[in-house]
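User: Please take a close look at one residue of this structure and at the surroundings in which it sits.

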Amino acid sequence: MSAPGRSQALIAGARSMEGRPASLPADTLSRRALLRAGAAGPVALVVGFCIGDADAQATVPAGLSPNALLHIDTTGTVEVRTTQTEMGQGTLTGIAMIVADELDAEWARVRVVTIRPDGRRFMITGGSGSISGAWDPARQAGAQARTMLLEAGAAALGAAAADCRTERHTVVHGASGRRVDYKDLVAAAARLPVPDKPALKADSALGLVGRPLPAKNLHAIVRAEERYGIDLRVPGMLVAVIERSPVVNGRLASFDAREARKVPGVVDVVAVRGNLFPTTIYVRDGVAVVARNTWAALEGRKALRVQWNESNSERPARGGATASTTKLVQDFERVLADGFGEDGRNGLHARVAATRRGTEAGMKQAFDAPGTKTVDLTFEVPLFAHAPMEPMNAIAHWQPDRLEVWAPCHFQSGLFAMLRHLTGLPAEKVVLHTPTLGGSFGRRLEADYAIEAVLVSRELRRPVQVVWTREDDLRHGFFGPPTRHRVRAVVGGDGRLAAVDHAVAALSVRLQTEPGSVPANGLDETITYDAVKFPYAVDQVHVSHRIVEQTIRVLWWRRGFTPNHTFANEVLLDACAHAAGADPLAFRQRLLLPPRTVEYTLDGYPEKVDTGRLAQVQRLACEAAGWSRPLPKGAGRGLASTVTETYCAQVVEVVPRPAGGVRVARVVSAVDCGRVVNPQLARAQIEGCIVYALTAALKKAITVENGRVQQAGFDDYPLLRIDEMPVIETVFVPSSASPTGLGEPASHPTWAAVSNAVFAATGRRETKLPFTLGA
Amino acid sequence: MARLRTRLTINGKPRDWSGDAAQPLLWVLRDDLQLTGTKYGCGTGACGACTVHVDGEAVRSCVTPVAGVAGRRIVTIEGLAQGDRLHAVQQAWIEHDVPQCGYCQSGQMMSAAALIARQPRPSETQIDDAMRGNLCRCGTYERIRRAVHRAAEIVAGGRA
């Protein structure tokens, strides 16, 4: 199984990045990637491992390609060096816990850091794949180092390894109780061969995994010592604020910087020549005001006079100044209604492709069968912004033969390849630092802000920090992919599902960020995947997409498409249960049991769904929520669930508001993510996912007219606040299965669970986000 | 631009400063005085990430011109602890594992500290009122609420 491979396929698509593990020279990595510092450097015990290495192993038969290192120095400090970045999801802490547990390390002596890309590693954090991808290799690395330390310790104690054990950073001789600290064994252990298949601990012996340890950077955050990208200062650094083309693919025609240059502190004003969308990293044309501090740069930008060419010939239909969400919704409606909606004259070209389980004749038969009920619903998901609290920023220092960049991002190998492409420099001359991210939710996969910093630094030959304002973030950023779904289902007289026909109109993240990445058959599986992945018993499933094009930029948004399809599927199921006169839980259970395994593939990466585990989280969520307990008048409960390696079911309770309508009062989740590595961090991810989804469900969408995003800040793009919080309760299924990810899954069922609760309370189906909740 | 030359009192220390009188305190702290614990989140006073104390009151430094705070007592997140001794709010934030990405938490803690100084045992409504202006995209609100109550307990019971 290759969970991280699949996750990577989801977010990085077919992008053939330089730095895939396959490009590592095998000879430097033989012998299980043990690297030893020679006489020239300090002695350390180093074991390499590869997070998410399933596909790497297949293509590099000569050996592992480490993208993570376990490094123990002669002070006994254990440093776990990973490609993963920390953005609040707790991944670095989790990976370090897994290593440290097998190593029998003392937690206080364990550090964890993000390494820099060097062109030889695929570096991405996303798809909720870090912990699942780290579990086996991180345990093995910890066990390898422990075995070596044990052997070295036994020798130092003059005993046989079989008579010794490891505990809390020491090797102990069982009979005598004599002990020696790991730090005194590093030099000897580093000379030993790395064991191929070290014995892993029995589950019952795991001591750190399963404990609610604080995140490694907790104290630094609370003391305000954590340095985010925006906090970094480099000697000689200037700050740039960029006035960007208000529309995608608008070109800079001319600008007058005389007033801007008069603002005290402004050092220079330079043009930023971007590229054309769609492309791998799109950078808008702009004018950068470069100053000694942020305030001067902001004031300088206000004083700029800029002329844009918004109607250049390279602009496609529905591009630039003609982009509009009103038109997008109309296009979605037309391509769903017509099936094709080709209208070359008006620039509407839908890319239609489909996939099915069953046959066309079977589908027709199901819909025509007598004594059945048909459910026909249309769902609408608009644009939502990522809006992490730390605005986009990056520092670049362009030198004649060297480029150094500090960019909070989480697809480092992608950015690194782009930096090398821009400069033509060899890998060792490009230095990319990734500080802690002040949130991302997918936004910082595309580091356009870093490219901007490079372009401006190239003009000034000085370190330059580009800072985006919140307005820049909303106006010039990305959005979760909008969709419109028409979903029809047939419920048989026996109360079973006979057929589901799911047509989705969408903008394609793939076509926008990796032109050419959609295969020849035209099927963008990232759009259809979570509609195809419908593990309920049904003979006929037909899923089709109609991709339309607009220069509205979309990107993975706590996954993206998964929340959209889960919304459609799980409201559909609720409506089918209602049509069948069945309880929504009982209806689902009947379609999932007896347990079976269903396999799906995304770009060839398989995923297995155990319907028994899905049925179980549904029952547990309902049990915890008191599913059958009577509610006060006007209140309602709704159930929804999803599988993205992790199984998650939610029950939402809505209650009447005195002013009319209902409000979300309670969200109960049951989660099966295999073994829970760190219960408090896991719980935090569930809480965060719910708040993220509720903000979208209850607040406002982003709109675009005349190519311009109409929202500018948290006043018109509000986020959920503390006084709007429901009660959140979470239960985890006790499990010894390998852990799966939690960064995204609990955000996926929330929309449907809210919608189903509103139906239970009011009899009205909410099918269009954001919801009005009957107000 | 009105030029200002003044002495600011930040975390108990005098800091001489000169520049644009209209410059928001936030940028003075972050860019001129290298106190980057106070965060930029929106620039319009709409998210609370930049919250500091001015004469004990929670204030959004991104919309507070520096001219208005000359001669007043400014405390930033860097001045919340007394040396190694963390403020009760910081202790509670640690006990309840509040932060996720952590970016908004300086502002959250400054709002909470101002509340507790004013209301030693805040009610739920008082917490709502004091904290609703501080946004957290990671969704740490429930932990924030519990931590505010815990901080109040710590203050009431001495250093627990």
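Analyst: The account below begins with Glu390(A) and then turns to the chain contacts and the domains. This is a predicted model, in which local features need pLDDT of at least 70 and side-chain atom pairs count only at pLDDT 80 or more, while totals for chains, interfaces and linings use all residues. Residues are numbered from 1 along each chain as its sequence is written, and chains are lettered from A and ligands numbered from 1 in the order in which they are written.

Glu390(A) lies in the loop between strand 14 (373–381) and strand 15 (393–399) of chain A; strands (E, at least two residues) and helices (H or I, at least four) are DSSP runs numbered from the N terminus. Glu390(A) is buried because 29 other C-beta atoms lie within 10 Å, the criterion being 20 or more, with C-beta atoms placed from the backbone. Not counting residues up to four places away in sequence, Glu390(A) touches Tyr228(A), Ile230(A), Pro408(A), Leu437(A), Gly438(A), Gly439(A) and, from the other chain, Tyr103(B). Contact requires C-beta atoms, placed from the backbone, within 7 Å.

Between the chains, 44 residues of chain A are in contact with 44 residues of chain B. On the chain A side, helix 7 (218–222), helix 9 (294–302) and helix 20 (679–698) each supply at least two residues, and helix 20 gives the largest share, seven residues.

Chain A is assigned domain 1 (3–222), domain 2 (232–314 + 392–467) and domain 3 (327–384 + 479–762), with bounds from an automatic or database domain assignment. In chain A, 13 residues of domain 2 are in contact with 15 residues of domain 3.

Notes. A residue is buried if 20 or more other C-beta atoms lie within 10 Å of its own, exposed if 12 or fewer, and partly exposed in between; C-beta atoms are placed from the backbone. Two residues are in contact if their C-beta atoms, placed from the backbone, lie within 7 Å.
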